[in-house]
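User: Could you take one part of this model and walk me through it closely? I'd like a connected account rather than a list.

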Amino acid sequence: MRISVSSDMDEPVARLLVEELRERGHEVRVRGALRPGADAQWAVCSAAAARDVAEGAADQAVVCCWTGTGASIAANKVRGVRAALCTDAATADGARRWNDANALALSLRLTSQPLLTEILDAWFAAEPSQDAEDVQNVARVGRLDAARKDS
């Protein structure tokens, strides 16, 4: 899988994330502070990773900032991206399963190495639900996205 990763800071957990994804066999595209010379502002690098998903250059994104909140907000401003801030494995599983999230937002402050592994395990193990209500809700989000006026 092709995954675009962004981080606004060069933190050990961000480097570990990239390493872990590569060890799992994913092709990783790095954005932000982990890429020399790139703009590391959370709004810029998170949106860049999200655009990779929206434009088809990546299958999914993982966006990181200190709390994960700003990264998720910026990623969700990109049409077609459904970013979920996940602080545990159960939330990551639900985000993939019920929301068909295509971008994982992580907190650089809260995410330890063991927790990162648990979150990634849950994220990649979960499949989007085929339950009619879940499919309808994801489609509704898509319609909200399509109706949005860009400035």
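**Strand β1 and its partners, then helix α6**

Analyst: Let's start in the strands: V5 stands opposite V30 in β2. This is a predicted model, so read everything here as computed from predicted coordinates. That V5 pairing belongs to a longer match, with β1 and strand β2 (residues 27-32) running parallel over six bridges. To get from β1 to β2 the chain goes through helix α1 (residues 12-23), and this β-α-β crossover is right-handed.

β1 also pairs with strand β3 (residues 60-65), again in the parallel sense, this time over five bridges. In that pairing, I3 sits opposite Q60 in β3. As for burial, β1 covers residues 2-7, and five of its six residues are buried, so the rest of the structure largely encloses the strand.

Now over to helix α6, residues 132-147. Start with a quick sanity check on its geometry: at 1.5 Å a residue, its 16 residues should span 22 Å, and the end C-alpha atoms are indeed 22 Å apart, so the two agree. Its buried residues are D134, V138 and D145. They cover an arc of only 35° around the axis, which means they lie on the same side of α6. What does that side pack against? The buried residues of α6 pack against α4 (89-99). Over on the other side of α6, the exposed residues are A132, E133, R143, L144, A146 and A147.

The N-terminal end of α6 has a cap, and D131 provides it: one of its side-chain oxygens lies 3.1 Å from the backbone nitrogen of E133.

Just before that comes S129, placed in the loop between α5 (113-125) and α6. Is S129 buried or exposed? Its relative accessible area is 16%, and the cut-off for buried is under 20%, so S129 counts as buried. The S129 side chain makes a polar contact with the side chain of D134, at 2.7 Å, and D134 is one of the buried residues of α6. Setting aside neighbours within four places in sequence, S129 is in contact with R97, W98, D134 and V135.

To pull the α6 part together: D134, V138 and D145 are buried and pack against α4, D131 caps the N-terminal end, and the side chain of S129 reaches D134 through a polar contact.

Conventions
Residues numbered from 1 in each chain as written. Predicted model: local features only at pLDDT ≥ 70, side-chain atom pairs only at ≥ 80, totals over all residues. Heavy atoms only, no water. Helix = DSSP H or I, 4+ residues; strand = E, 2+ residues; numbered from the N terminus. Expected span 1.5 Å × (residues − 1). Buried < 20%, exposed > 50% of the residue type's maximum accessible area, 1.4 Å probe, protein only. Arc of directions from axis to C-beta. Contact = heavy atoms within 4.5 Å. Polar contact = N/O pair within 3.5 Å; in protein donor to acceptor, adjacent residues only side chain to side chain. Pairing = 2+ DSSP bridges. Right-handed = clockwise from strand over helix to strand, strands pointing away.
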